[in-house]
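Load the model in your viewer and keep the selection box at hand. Each stop below says what to select and what is there.

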Amino acid sequence: MPVDLAFDDPTSDVMLDAAAGVRRSILPGGVRLLTQADRTVRSATLGLWLPVGSRDERPEHAGSTHVLEHLLFKGTHRRSALDIASAFDEVGGESNAVTAKEHTLYYGRVRSADVPMAIDVLTDMITSSLLEEEALATEREVILEELAMAEDDPQDVGYETFLADVLGPDTSIGRPVGGTAASVQALTIQDVREHWAEHYRPENLLVTAVGDVDHAEIAQLVLAGLRRGGWELAEGALPQRHERRAHSSEAAATSALDVAGIAPHRLERPSEQNHIYLGGAGITALSEQRHTLSTLMSILGGGMSSRLFQNVREQRGLAYSVYSFSAAYRDAGLFGMYAACRPSRTEQVVELLGQELAEMARTGVSEQELSRAKGQINGSFALGLEDTSSRMGRLGTVELVHGRYTSIDETLARYARVRAVDIQQLAEQLATSFSTRVDVGPAA
């Protein structure tokens, strides 16, 4: 059975899954620690998570979470930027960070013997970064180049525009994670420091570790690193629940049979193909339909045997790249389909994309398709279990998104219970949620 994760017991220390070696503790200061011990490997992946992302920014500080993530690699009171980079390079490890809409993650992957070093460096970064004006000036230029690089990629531009149109371009969740060139230019070092002071606190911190690790040892190393950085870790402190206000999209829905009637949001780019995004509002990350949605997406456009690939590419040769996708957050979600084709084929491809989902809503899916999708999902899970990084990410999602632990076997059992009728009902729901089309390509 799923295990709810405690927030109101400062002494909580629970073996969530003895068979898989998953343990969770609340440490002094309200720091949460989840580990999964695996003695079959001689390495570990570590993650330090903060439940703050781009949607938590004030509009005038858009992009500050991403800027802060960059600056934490630029030096601390104990280490220069080169020291931080060299620490992992000289042991053959890797370290990086990710800013998302609802969290920020700093991670490292190293040999077991180098785990103390990795924790020392990562905790040093989040507690003791210098956050200097000079570093901001330099890194701002790097980030502007990063944004420019994304602008040069029609797929990046199309997806970000699609997401904003579905979720609302004027909402915090609809804004780009990295902000805009204008908002990044406007950020001051004081803005970034205030953002750090507000969110980088022990009661917000989650640490995950998977591999050849010992839970008690990781706890000691994390606490020692945080204390070296000057964080006060009070006994009995509780972790912070990070509630988010409900989000609602204002987008109007239309019928899947009338997708041609959706006026495209057209972005002109000097490319040979037209990049098409078509879809609308989906389900949240907490929805009981999320396993059904994953199965539906596998059948619709999740691989070479999917309906979109077979119908649009294999049978008609209208596109090289075609697939379906979804994104889910605690209080919002979206679904979509993507295809890239020569401009003259755009309307035919758009019609086929809409028809595939409409047909699934009308006639359902076959048992063969359902079985194949479940096999694909089971295989993906099995392959993911071979990778300590993916397991580390799963623990973070369990804690920050779901608030309860579900074992791999229980999760796969939920997928096994998905029925053809469940997929058809969800397809009917999605087929009446079409609201958005984005085209990125050459001028007509």
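The tour goes from strands to aromatic rings and then to cavities.

**Before you start**

This is a predicted model, in which local features need pLDDT of at least 70 and side-chain atom pairs count only at pLDDT 80 or more, while totals for chains, interfaces and linings use all residues. Residues are numbered from 1 along each chain as its sequence is written, and side-chain values use heavy atoms, with hydrogens and water left out.

**Stop 1: strand β4**

Select residues 32–37, strand β4. Helices (H or I, at least four residues) and strands (E, at least two) are DSSP runs, numbered from the N terminus. Is β4 mostly covered or mostly open? It is mostly covered, with five of its six residues buried. Buried means under 20% relative accessible area, exposed over 50%, and partly exposed in between (1.4 Å probe, protein chains only).

Now add strand β3, residues 22–26. β3 and β4 run antiparallel and are joined by five bridges. Two strands pair if DSSP finds at least two bridges between them. Pick R23: its bridge partner in β4 is T35. Then go to the hairpin of β3 and β4, which has five residues between the strands. There, G29 takes a positive phi near 90 degrees.

Next, add strand β8, residues 206–211. Here the strands run parallel, and six bridges join β8 to β4. Select L33 and you will find V207 of β8 opposite.

**Stop 2: a charge over a ring**

Show the side chains of R24 and F7. The charged end of R24 sits over the ring of F7, 5.8 Å from the ring centre. The criterion is NZ of Lys or CZ of Arg within 6 Å of the ring centre and within 35 degrees of the ring normal.

**Stop 3: aromatic pairs**

How many aromatic pairs does the structure hold? There are 12. Rings of Phe, Tyr and Trp (its six-membered ring) pair if their centres lie within 6.5 Å; planes under 30 degrees apart count as stacked, over 60 as edge-to-face and the rest as tilted.

Select F73 and Y106. Their ring centres are 6.4 Å apart and their planes are at 40 degrees, so the pair is tilted. F73 lies in the loop between α1 (64–71) and α2 (81–89), and Y106 in strand β7 (residues 104–111), so the pair ties together parts that are 33 residues apart in sequence. Y106 is buried, at 1% relative accessibility.

Move to Y323 and Y338. This pair is tilted too, because the planes are at 35 degrees, with ring centres 5.0 Å apart. Y323 sits in strand β11 (residues 321–328) and Y338 in strand β12 (residues 333–341), so the pair ties together parts 15 residues apart in sequence. Y323 is partly exposed at 28% relative accessibility, whereas Y338 is buried at 1%.

Widen the selection to Y159, F162, Y277, Y323, F325 and Y338, which ring pairs link into a cluster.

**Stop 4: the cavities**

The structure holds two cavities of 30 Å³ or more. On a 1 Å grid over the protein atoms alone, a cavity is a set of points where a 1.4 Å probe fits but cannot get out; lining residues have an atom within 4 Å of a point. Grid points are joined across faces, edges and corners, and a volume is the space filled by probe spheres set on the points.

Select D56, E57, R58, H61, S64, H195, E198 and H199, the lining of the largest cavity. Its volume is about 40 Å³. Helix α7 (residues 189–199) gives the largest share of this lining, three residues.

Finish with L71, K74, G75, L130, L131, E132 and A135, which line the second largest cavity. That cavity has a volume of about 30 Å³.

Terms used. On a 1 Å grid over the protein atoms alone, a cavity is a set of points where a 1.4 Å probe fits but cannot get out, and a pocket is an open set with protein on both sides within 12 Å along at least five of seven lines; lining residues have an atom within 4 Å of a point.
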